[in-house]
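Morning, everyone. I have one structure to walk through today, so let me put it up on the screen.

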Amino acid sequence: MKKALSYFLFSILAAGFCFFFYILLSYDFSWHKIAPYRWNLIRGWGMTLILSACALILSSLFGSLLLAGQLAKFRPTRILSRLYVEIIRGTPLLVQILIIFYLIADAAGLHNKFIIGTLILSVFSGAYLSEIFRGGIESIPRSQIQSARAIGLTESQIYRYVIIPQAIRRVLPGVSGQFANLIKDSSLLYVIGLREFTMQAREVNAATYSTFAAYIPLAIGYLLLTLPLAVLSHHLEKRFRYEH
Amino acid sequence: MNIELHQINKQYGKTHALRDLSLCISDPVNVIVLIGPSGSGKSTLMRLLGALESPDSGELVFDQQPLLQNEEALLQHRRQNGYLFQSFNLFPHLTAAENIELPLIKVHGKKADEANKLCQQALEKFQLEPHQHKYPSQLSGGQQQRFALARAIAIQPRLLLLDEPTSALDPEMTAEVLKVIETLSRSGQPIILSTHEMGFARAVADQVIFLAEGKILEQGSPEELFGKPSHPYVQNFLSKVMRY
Ligand SMILES: Nc1ncnc2c1ncn2[C@@H]1O[C@H](COP(=O)(O)OP(=O)(O)OP(=O)(O)O)[C@@H](O)[C@H]1O
Ligand SMILES: [Mg+2]
């Protein structure tokens with residue numbers, strides 16, 4: 001029964017893929033029209049790659065700070081961290097981009113779009129990451145903490161040697177998903193005029209009127225960034241697994 | 001080992017887990033066994049003795065030294081003792097041997113090779129060497145408890161606190177673990193043990209303490225307490241549990 005179901009699923013998925021590729025192949029994309037713009041696309045892709053990489057690191061830092069804030073003993077710190085997370089998670093990214101770019105960055109005298117873009121993504125993604133981290137830490141059973149206390153570890157040693165190593169394994173799928181989101185969300189930064197991948201594709205489209213010839217490379221370009229991340233995450237999950 | 005408790009009270013919300021409990025145990029006594037009905041406060045008393053929690057009022061004195069109820073003193077106390085819970089003592093992300101070496105290295109400041117030597121000595125005692133590179137999830141419950149015991153004794157604890165170490169195990173594994181505890185008691189290791197295994201209590205105890213509703217109803221040698229209990233509640237309880 002289970003086997004039949006899995007064959008059935010396989011056939012549906014395989015048929016779906018075939019149909020999709022058939023359409024792709026039979027459509028006239030007029031690739032030649034976008035050929036002169038290929039360097040614009042490649043430059044945009046490079047920009048998105050670097051932007052995402054910086055934001056990935058910075059958002060992890062932000063996420064860890066917010067996590068520390070949420071776990072802090074001092075209640076006002078906890079409340080502010082919580083408030084930050086809820087505001088970021090409860091409002092659209094587009095609005096945040098506009099507010100940070102036109103109000104905050106401007107008031108702070110910050111004009112480099114790349115830096116502002118990186119900050120916006122990190123501020124946004126950090127809030128989600130801190131929630132994923134918190135979920136991982138709170139999923140460690142109390143008995144583990146009791147045992148760790150009983151062998152005489154200090155509070156910080158308990159985090160370092162018992163909670164975090166176990167939490168890492170549990171948050172990996174969520175974190176890699178969030179990183180993929182971050183890469184895709186960077187496409188919204190075209191609204192502040194950052195010349196990243198999506199912006200370039202939009203310009204190519206505007207210049208050539210060959211929508212799909214501009215946007216199919218866009219999809220592939222994002223996949224080239226997100227797929228390696230997924231593979232890496234699976235690899236790490238295997239390496240960190242301890243329930244054999 | 002000398003242990004005195006004076007007027008200990010411990011409350012969880014409305015539950016009075018320990019009421020004005022006083023106790024005095026002095027030297028020739030090596031193995032103390034706590035028995036009593038479920039909810040009588042055995043685990044609570046063990047946690048206080050192991051400095052995993054603090055009493056609401058009252059004083060604990062170990063070898064004429066009152067246990068101060070500040071974080072630093074409690075940590076020092078925990079570091080001198082070995083503690084074993086009913087279940088889930090080992091850290092699942094570390095191999096059995098790493099579990100034993102962690103407190104030796106991180107808490108007791110041993111070098112890696114010295115920690116390994118102490119670990120091997122402890123494993124030899126319980127014939128656990130063949131399994132030392134397995135993860136806890138690859139061990140039987142009895143093996144897990146024996147490794148947890150090995151971890152507790154590898155630090156050469158002043159006092160070994162065992163809270164129902166076999167109640168999560170089937171009879172065969174129980175026998176396995178009890179044998180190890182008996183060996184330890186023969187070697188002169190001071191032990192406080194709470195258990196529902198009356199036969200075992202009788203066999204290893206130097207002194208038996210009967211708890212009910214947070215109070216000590218009776219205390220004495222196993223011959224006295226199991227042979228001719230004086231308190232009617234204890235008589236009743238023992239006649240019920242000994243019937244099978
Ligand atoms: N962390 C806690 N929070 C609330 N109540 C608790 C807590 N720990 C213990 N109690 C209560 O205190 C009383 C004593 O519990 P304790 O676990 O010490 O009993 P016990 O003698 O070990 O029982 P058992 O033989 O079932 O293990 C019980 O009524 C229990 O419900
Ligand atoms: Mg108990």
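First, a term. A polar contact here is a pair of N or O atoms within 3.5 Å. Keep that cut-off in mind for the ligand. And note that this is a predicted model.

Now, which side chain meets the ligand at 3.2 Å? That is His196(B): an N or O atom of its side chain sits 3.2 Å from an oxygen atom of ligand 1. Because 3.2 Å is within the 3.5 Å limit, this pair counts as a polar contact. Two more contacts to mention. Glu164(B) places a polar side-chain atom 2.8 Å from an oxygen of ligand 1. Gly39(B) uses its backbone instead: a polar atom there is 2.8 Å from a ligand oxygen.

How much of ligand 1 does the protein bury? Taken alone, the ligand exposes 630 Å², and 62% of that is buried by the protein. Two elements give two or more residues each to the shell: β2 (15-25) and α1 (42-49), both of chain B. The top contributor is α1(B), with four residues.

The shell holds 14 residues. Among the closest are Lys42(B), Ser43(B) and Thr44(B). Ser38(B) and Gly39(B) are also in that closest group. By type, the shell splits into eight polar, three charged and three nonpolar residues.

Next, the sheet that includes β2. It is open, with four strands in the order β2-β1-β4-β5 of chain B, and the pairing is antiparallel. At the edges are β2 and β5 (65-66), each pairing on one side only. Take the β5 end. Two bridges link β4(B), residues 57-62, to β5(B). One residue pair to look at there is Phe62(B), whose bridge partner in β5(B) is Gln65(B).

On to β7(B), residues 159-163. Is this strand mostly covered or open? Mostly covered: five of its five residues are buried. That goes for both faces. Leu159(B), Leu161(B) and Asp163(B) are buried on one side, Leu160(B) and Leu162(B) on the other.

What pairs with β7(B)? Strand β6(B), residues 81-84, runs parallel to it, joined by four bridges. Strand β8(B), residues 191-194, is also parallel to β7(B), again through four bridges. Leu160(B) is a good place to look. Its bridge partner in β6(B) is Gly82(B), and it stands opposite Ile191(B) in β8(B).

Last point, the connection. With helix α6(B), residues 171-186, strands β7(B) and β8(B) make a β-α-β unit, and that unit is right-handed.

How values were computed:
Residues are numbered from 1 along each chain as its sequence is written. Chains are lettered from A and ligands numbered from 1 in the order in which they are written. This is a predicted model: local features need pLDDT of at least 70, side-chain atom pairs count only at pLDDT 80 or more; totals for chains, interfaces and linings use all residues. Side-chain values use heavy atoms; hydrogens and water are left out. Buried means under 20% relative accessible area, exposed over 50%, partly exposed in between (1.4 Å probe, protein chains only). Two strands pair if DSSP finds at least two bridges between them. A crossover is right-handed if, with the strands pointing away from the viewer, the path from the first strand over the helix to the second runs clockwise. A residue is near a molecule or strand if one of its heavy atoms lies within 4 Å of it. A polar contact is a pair of N or O atoms within 3.5 Å; within protein, one must be able to donate a hydrogen and the other to accept it, and residues adjacent in sequence count only if both atoms are side-chain atoms. Accessible areas come from the Shrake-Rupley method with a 1.4 Å probe; for residues, only the protein chains shown count as cover. Ala, Val, Leu, Ile, Met, Phe, Trp, Tyr, Cys and Pro count as nonpolar, Asp, Glu, Lys and Arg as charged, and the others, Gly among them, as polar.
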